[in-house]
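Welcome! Here are some exercises with worked solutions to help you find your way around a new protein. Take a look at the sequence and the structure first, then work through the steps.

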Amino acid sequence: MTTLKCAKCGNALNTDDRFCSKCGTECRIVDIDISLPCNSEEVARCIAMLDSMEGLETVKQEIHEIVKFVKMDCVRTQMLGYPSRFPRKYLFIGNPCTGRTTVARIMADILYALGVMGNHKMIAVWSKALMGATIEKCQAKVRNAVDSALGGVLFIDDIHLLNDDKSNLAQATIDALVTMMQIHQDDLVCIVAGTPAEIEAMSQSHPNFSERFDRVLTFER
């Protein structure tokens, strides 16, 4: 394990430290020059594509912060041996045609270019396609969708439509998805998308639903 030290006084530092606790020197450890497993040119290209989209200023700012967090997470992992803990579960809230799918694809490209995802792929599925005729078939469809996206990104569109179905099959699908996200929290990025009013209704029907996600991005145009 590498020991980080203040360049001025030699005091031991943590990657969270912005200033040395002994002499007060500004450290900026996240900017330290180490070899990160990323394609910087591809990351810059993806960010430029994101920034060129009309509106979505809050979403853009959030993704810029995510990129910074992932880079810092790589420093923690590479230099101190900490387990990776960058956000992997996202809820996109926005009306149709606000760029939810496009941004999900850009995020998949960014995460792969940053070197934190093993596969350069995004599997997109419609939420209703995850429901089957029986609880077992619902579980199998969710499992198959997750398995196909392992190492990459699973994008589930119109997640709120599961809330329209009051049968136990919809609940079984949601439960299976939550379980699979937990099982594969280290080798899957999951993005689900829905419209604002319907997501609000879903959160009321399933109180813990929104809490399952690391980040919630709101799409406004």
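**Exercise 1: Two packed helices**

Helix α1 (residues 40–51) and helix α3 (residues 100–113) pack with their axes 9 Å apart, at an angle of about 165°. Work out how α1 and α3 are oriented to each other, and which residues make the contact.

*Solution.* Before we start, note that this is a predicted model, in which local features need pLDDT of at least 70, side-chain atom pairs count only at pLDDT 80 or more, and totals for chains, interfaces and linings use all residues. Residues are numbered from 1 along each chain as its sequence is written, and side-chain values use heavy atoms, leaving out hydrogens and water.

Step 1. Helices (H or I, at least four residues) and strands (E, at least two) are DSSP runs, numbered from the N terminus. Axes are lines fitted to C-alpha atoms, for helices over the stretch in contact, and angles run from 0 to 180 degrees between N-to-C directions.

Step 2. Angles under 35 degrees count as roughly parallel, over 145 as roughly antiparallel, 65 to 115 as roughly perpendicular and the rest as oblique. α1 and α3 are therefore roughly antiparallel to each other.

Step 3. On α1, the contact (heavy atoms within 4.5 Å) uses E42, V43, R45, C46, I47, M49 and L50, and on α3 it uses V103, I106, D109, I110 and A113.

Step 4. Sort these residues: nine are nonpolar, none polar and three charged. Here Ala, Val, Leu, Ile, Met, Phe, Trp, Tyr, Cys and Pro count as nonpolar, Asp, Glu, Lys and Arg as charged, and the others, Gly among them, as polar.

**Exercise 2: A second pair, and one residue in it**

Describe how α4 meets α6, then decide whether T173 is buried or exposed.

*Solution.*

Step 1. Helix α4 (residues 135–149) and helix α6 (residues 168–183) have axes that come within 9 Å and cross at roughly 35°.

Step 2. The α4 side offers I135, C138, Q139, V142, R143, V146 and D147, which meet N168, L169, A172, T173, A176, L177 and M180 of α6. This contact divides into nine nonpolar, three polar and two charged residues.

Step 3. Now zoom in on T173, found in helix α6. T173 has a relative accessible area of 1%, so it is buried; buried means under 20%, exposed over 50% and partly exposed in between (1.4 Å probe, protein chains only).

Step 4. Leaving aside residues up to four places away in sequence, T173 touches L130, M131, C138, V142 and L162.

**Exercise 3: The sheet**

In what order do the five strands of the open sheet stand, and which strands are at the edges?

*Solution.*

Step 1. The order is β4-β5-β6-β3-β7, with parallel pairing; two strands pair if DSSP finds at least two bridges between them.

Step 2. β4 (122–126) and β7 (215–219) each have a single partner strand, so they stand at the edges, with one side of each left without a neighbour in the sheet.

Step 3. Follow one pairing: strand β3 (residues 89–94) runs parallel to β7 and is joined to it by five bridges. There, Y90 stands opposite R215 in β7.

Step 4. Finally, add a helix: α4 lies across β4 and β5 (153–157), at about 140° to β5.

**Exercise 4: The whole protein**

How many helices and strands are there in the protein?

*Solution.* There are seven helices and seven strands. Of the 221 residues, 45% count as buried.
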